[in-house]
Amino acid sequence: MSDRNLDNIWNVEVRFDEDDVHTRATARVQFGDGESLTAVGDAYRNPRDDSQPMVGEEIAAARAVIALGSELLQVAAKRIEQATHQPVHLGR
């Protein structure tokens, strides 16, 4: 069973929204068929620490991409369960 062309290209985009102590990254994967999934990740700076915006972006982006990967695993598990009618538990 295949409902997607596996030869296509998926694009992932990460956008940031930040202030002095908080960075939020929004990661979005756009599938070749036009569908997409979105996930977010957050990073908070301790007010006593020096401001290093790149570090906050890296942490927030990593968390968003990890969350996006988890979403993709859930979608895949649901597709397998629909095909097999058996419970599926996909690990990392």
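**View 1. His85, an exposed residue just past a helix.** At 65% relative accessibility, His85 counts as exposed. Keep in mind that this is a predicted model. His85 sits in the segment that follows helix H1 (53-84). Its backbone is worth a look too: phi of His85 is near 60°, a positive value in a residue that isn't glycine. For context, most residues other than glycine have a negative phi.

**View 2. Strands E1 and E2 side by side.** Here strand E1 (11-18) and strand E2 (22-30) run antiparallel, with eight bridges joining them. A hairpin takes E1 into E2 through three residues. To find your way along the pairing, start at Phe16: its bridge partner in E2 is Ala25.

**View 3. The negative patch around the E1-E2 loop.** Which residues form the negative surface patch? They're Asp17, Glu18, Asp19 and Asp20. Zoom in on Asp20, and you're in the loop between E1 and E2. Asp20 has a relative accessible area of 66%, so it counts as exposed, the cut-off for that label being over 50%.

**View 4. A nonpolar patch with E1 as its main contributor.** Val12, Val14, Phe16 and Val65 make a nonpolar surface patch of about 310 Å². E1 gives the most to this patch, with three residues. Phe16 is one of the patch members and is found in strand E1. Is Phe16 buried, partly exposed or exposed? It comes out as partly exposed, at 37% relative accessibility.

**View 5. The Arg15-Glu13 salt bridge.** A search of the whole structure turns up two salt bridges, and this view shows the one where the side chains of Arg15 and Glu13 meet, at 2.9 Å from N to O. How open are the two ends? Arg15 counts as exposed at 55% relative accessibility, whereas Glu13 is partly exposed, with a relative accessible area of 37%.

**View 6. The Asp42-Arg24 salt bridge.** The side chains of Asp42 and Arg24 meet here in a salt bridge, with 2.8 Å from N to O. Asp42 belongs to strand E3 and Arg24 to strand E2, so the pair ties together parts that are 18 residues apart in sequence. What about burial? Asp42 counts as buried, at 18% relative accessibility, and the cut-off for that is under 20%. Arg24, on the other hand, is partly exposed at a relative accessible area of 34%.

**View 7. Strands E2 and E3 in register.** E2 and strand E3 (residues 36-44) pair in the antiparallel sense, over nine bridges. A handy landmark for lining them up is Thr23, which stands opposite Ala43 in E3.

**View 8. Gly34 in the E2-E3 hairpin.** The hairpin of E2 and E3 has five residues between the strands, and in it Gly34 takes a positive phi near 95°. Where does Gly34 sit? Its place is in the loop between E2 and E3. Gly34 is partly exposed, with a relative accessible area of 46%. If you'd like a distance to check in your viewer, try Gly34 to Trp10: these residues are 24 apart in sequence and 9.7 Å apart in space, C-alpha to C-alpha.

How values were computed
Residues are numbered from 1 along each chain as its sequence is written. This is a predicted model: local features need pLDDT of at least 70, side-chain atom pairs count only at pLDDT 80 or more; totals for chains, interfaces and linings use all residues. Side-chain values use heavy atoms; hydrogens and water are left out. Patches are made of residues with over 30% relative accessible area and no salt bridge: like charges are joined within 9 Å, nonpolar side chains (Val, Leu, Ile, Met, Phe, Trp, Tyr) within 5 Å. Accessible areas come from the Shrake-Rupley method with a 1.4 Å probe; for residues, only the protein chains shown count as cover. A salt bridge is a side-chain nitrogen of Lys or Arg within 4 Å of a carboxyl oxygen of Asp or Glu. Lys and Arg count as positive and Asp and Glu as negative; His and the chain ends are not counted. The place of a charge is taken as NZ of Lys, CZ of Arg, CG of Asp or CD of Glu. Helices (H or I, at least four residues) and strands (E, at least two) are DSSP runs, numbered from the N terminus. Buried means under 20% relative accessible area, exposed over 50%, partly exposed in between (1.4 Å probe, protein chains only). Two strands pair if DSSP finds at least two bridges between them.
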